[in-house]
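Dear colleague,

I am handing over the structure we spoke about, and I would be grateful if you could look through it alongside the notes that follow it.

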Amino acid sequence: MEMVRNITNETKTMIESELRKGTSNSRIANLLGVSYEQALEVVDAIKESIRPEIGDEIKFTFRKQEMVGVIRKLLTNSAVVEIYWDLSSGTMKDICEDKTIVNFKDIEEFVKVD
């Protein structure tokens with residue numbers, strides 16, 4: 001946790017940017033010049049502090065099913081997410097609308113979908 005306390009604002013901004021691009025944790029470790037385990041600590045701490053933005057593409061879990069979508073509207077602690085059905089669990093299509101509410105804490109990672 002020592003590494004987490006010593007993060008500069010510049011480094012935090014860079015990691016947030018890389019996470020939004022969908023950069024892997026191993027690549028972030030390489031950019032920071034630290035071990036993978038140290039990078040995971042930093043990434044986890046920063047993920048908790050990130051407030052997503054409209055247009056961010058995210059991977060999240062809903063009822064233990066992996067889902068992918070794009071944030072269309074921000075709420076206080078959650079977001080309205082338009083689901084990408086071609087990248088999400090098809091079993092959820094029967095119980096979900098095309099848009100759903102996702103709590104920030106349920107965002108697993110920021111992804112980049114082409």
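Below is what was found, beginning with the overall layout and then moving to individual side chains.

Please keep in mind throughout that this is a predicted model. The protein has 4 helices and 5 strands, and, read along the sequence, these follow the pattern α-α-α-α-β-β-β-β-β. The protein is divided into domain 1, which covers residues 1–48, and domain 2, which covers residues 54–109; taken over C-alpha atoms, the centres of domain 1 and domain 2 lie 24 Å apart. Along its principal axes, the C-alpha trace spans about 45 × 25 × 25 Å.

Turning to burial and surface, 38% of the 114 residues of the protein count as buried, and the protein exposes about 7,200 Å², of which carbon and sulfur atoms supply 45%. Among contacts between residues at least 6 apart in sequence, 47% join residues that are at least 24 apart. As for charge, the protein carries 16 positive and 21 negative charges, and the mean positions of these two groups are 4 Å apart.

The charged side chains deserve a section of their own. Side chains of opposite charge can pair when their charged atoms come close. The structure holds 5 salt bridges, and three of them are described here, namely Glu18 with Lys21, Glu82 with Arg72, and Asp106 with Lys105.

In the pair formed by Glu18 and Lys21, the N to O distance is 3.4 Å. Both residues sit in helix 2 (residues 9–21), and because they are 3 residues apart there, about one helical turn separates them. The two partners differ in their surroundings, since Glu18 has a relative accessibility of 14% and counts as buried, whereas Lys21, with a relative accessible area of 48%, is partly exposed.

The side chains of Glu82 and Arg72 also meet in a salt bridge, with an N to O distance of 2.9 Å. This pair links distant parts of the chain, with Glu82 in strand 3 (residues 78–83) and Arg72 in strand 2 (residues 65–74), 10 residues apart. Glu82 is partly exposed, at a relative accessible area of 27%, and Arg72 is likewise partly exposed, at 41%.

The third pair joins the side chains of Asp106 and Lys105, whose N to O distance is 3.6 Å. Here Asp106 is partly exposed, with a relative accessible area of 29%, while Lys105 counts as exposed at 70% relative accessibility.

One uncharged residue is also worth opening in your viewer. Which residues does Thr100 touch, not counting residues up to four places away in sequence? Thr100 is found in strand 4 (residues 99–103), and, once those sequence neighbours are left out, Thr100 touches Phe60, Ala79, Val80, Val81 and Ile83. Thr100 has a relative accessible area of 16%, so this residue is classed as buried. Strand 3, which was met above as the strand of Glu82, spans residues 78–83.

With kind regards

Definitions and conventions
Residues numbered from 1 in each chain as written. Predicted model: local features only at pLDDT ≥ 70, side-chain atom pairs only at ≥ 80, totals over all residues. Heavy atoms only, no water. Salt bridge = Lys/Arg side-chain N within 4 Å of Asp/Glu carboxyl O. Helix = DSSP H or I, 4+ residues; strand = E, 2+ residues; numbered from the N terminus. Buried < 20%, exposed > 50% of the residue type's maximum accessible area, 1.4 Å probe, protein only. Domains from an automatic or database assignment. Contact = heavy atoms within 4.5 Å. Areas by Shrake-Rupley, 256 points an atom, 1.4 Å probe, with all protein chains shown as cover. Lys, Arg positive; Asp, Glu negative; His and termini not counted. Charge placed at Lys NZ, Arg CZ, Asp CG, Glu CD.
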